[in-house]
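Okay, thanks for coming, everyone. Let me put the model up on the screen and then walk you through it.

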Amino acid sequence: MRTTSTARHAEGPGPDTGPDGHDAHGGRGGRLGRIVRSPLGWMLTGLVGVGLVSGLTATGPGPVPVLGAVAAVAAVGVYWLVMRRVARRSTPEIDRRGAGREALLGGAIGLGFVGVSALLITSFGGYSFSWAGHGFVAVVWSAVMVQIGTAVTEELVFRGLALQALEQLWGSRAAIVVTGSFFGLAHLGTQEASAWSALAIAVEAGVMLGAAFLWRRNIWFVAGLHFAWNTTEQLLGIPVSGHPSEGLFTVDVHGSAVLTGGGFGLEAALTPVVLGVLLAVRMFALARRGGRLLPRRSARHTQAG
């Protein structure tokens, strides 16, 4: 893979500004302009924009799930506009070149992660599956369309906007902890959620997906991983972050919630948490070896520059 260096991802003034903050026409932007173009400014601008279009994502039957895919396309467009026009930086992380390869690689990891977790839980007697009898094409179509929207918009928000903005302020390590924590808190909205499920999501998903982004510096990779993870769970009939799934199978849960995740689903089980930590450590090590991490001192220098 052709990897973009840390320096490019830690860009300061963009192509329309000089090193002293003057724009291409020789004038300084006003205070509001400088605030909006700061990392927190463009992060918040992007969060509002992507949040608005992600509101189109629906989980209803029939043609409605197509809106999930439409929202994903619209969210990418909003992200590009914010990064290019507000943050004034390039967007190699959403480059179409190699996007399919990155998405497939991420998807393979996501599929393997959920598949191995479910297999281990089943082997310990926690899950048993039976064919649900729903229409195959309709179930798969609905799951794919809905999860495309979820995966792309969430990755743009948490890894594309939040992680990249916060690592410019505090470095990659702090950014991955903060965004991972917020990712866990964002999944407290279901009745089955608990402090443990939020912690589990923060570690196995928030931190791991953050490490995955730092390794590949590619939204399509983490979106592919996220998409395959959610879609596999849904098709297996396992609740996705506390949301019941109408999949190809129905799952009967037996034994301790520590083993099975209980009503929240597989993500609150101990096995995927352990696997997620192992994957996160490996990906973070690969990111560090590839020179893709932004230390805090570099982050300060970026802000001062």
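I'll start with the whole chain, then go to the core, and finish with a few single residues.

One caveat up front: this is a predicted model. So keep that in mind as we go.

The chain has twelve helices and two strands. If you read along from the N terminus, the order is α-α-α-α-α-β-α-α-α-α-β-α-α-α. There are 305 residues, and 50% of them count as buried. The exposed surface comes to about 13900 Å², with 66% of that supplied by carbon and sulfur atoms. And if you take the contacts with a separation of 6 or more, 76% are between residues 24 or more positions apart.

Now, the inside. Which residues touch the most other members of the largest nonpolar core? Those are Trp42 and Leu156, in a core of 54 residues. Plenty of helices feed into this core: H3, H4, H5, H6, H7, H8, H9 and H11 each give two or more residues. There's also a second core, separate from that one, with eight residues, including Ala118, Tyr127, Ile238 and Leu266.

Let's zoom in on Trp42. Skipping anything up to four places away in sequence, Trp42 touches Val36, Arg37, Val82, Met83, Val86 and Ala87, and also Leu161, Gln164, Ala165 and Gln168.

Next door in the sequence is Met43, which sits in helix H3. Buried or exposed, then, for Met43? Its relative accessibility is 10%, so Met43 counts as buried. Again leaving out residues up to four places away, Met43 touches Leu161, Ala162, Ala165 and Leu166. You can also check Met43 against Met83: they're 40 residues apart in sequence, and their C-alphas are 9.0 Å apart in space.

Okay, over to H8 and H9. Their axes come within 8 Å and cross at roughly 150°, and the crossing is right-handed. On the H8 side, the residues that meet H9 are Glu204, Ala205, Met208, Leu209, Ala212, Phe213, Trp215 and Arg216. On the H9 side, you've got Ile219, Phe221, Val222, Leu225, His226 and Trp229.

The loop between those two helices holds Arg217. What is odd about the phi of Arg217? The value is positive, about 50°, and Arg217 is not a glycine. Most residues other than glycine have a negative phi. For an arginine in a loop you might want to know where the residue sits, and at 3% relative accessibility Arg217 counts as buried.

There's another case like that, Ser241, in the loop between H9 and strand S2. Ser241 has a positive phi of about 55°, and again this is not a glycine. With 8% relative accessibility, Ser241 counts as buried.

Last one, and it takes us back to Arg217. Ser172 is in helix H7, and its relative accessibility is 1%, so Ser172 counts as buried. What does the side chain of Ser172 make a polar contact with? The partner is the side chain of Glu167, at 2.5 Å. Setting aside neighbours within four places in sequence, Ser172 is in contact with Glu167, Leu214, Arg217, Leu293 and Leu294. So that list includes our loop residue, Arg217.

That's my tour; happy to rotate the model if anyone wants another look.

Conventions. Residues are numbered from 1 along each chain as its sequence is written. This is a predicted model: local features need pLDDT of at least 70, side-chain atom pairs count only at pLDDT 80 or more; totals for chains, interfaces and linings use all residues. Side-chain values use heavy atoms; hydrogens and water are left out. A nonpolar core is a set of buried Ala, Val, Leu, Ile, Met, Phe, Trp, Tyr and Cys residues joined through side-chain atoms within 4.5 Å. Buried means under 20% relative accessible area, exposed over 50%, partly exposed in between (1.4 Å probe, protein chains only). Helices (H or I, at least four residues) and strands (E, at least two) are DSSP runs, numbered from the N terminus. Contact means heavy atoms within 4.5 Å. A polar contact is a pair of N or O atoms within 3.5 Å; within protein, one must be able to donate a hydrogen and the other to accept it, and residues adjacent in sequence count only if both atoms are side-chain atoms. Accessible areas come from the Shrake-Rupley method with a 1.4 Å probe; for residues, only the protein chains shown count as cover. Axes are lines fitted to C-alpha atoms, for helices over the stretch in contact, and angles run from 0 to 180 degrees between N-to-C directions. A crossing is left-handed if the near helix is turned anticlockwise from the far one by less than a right angle, and right-handed if clockwise.
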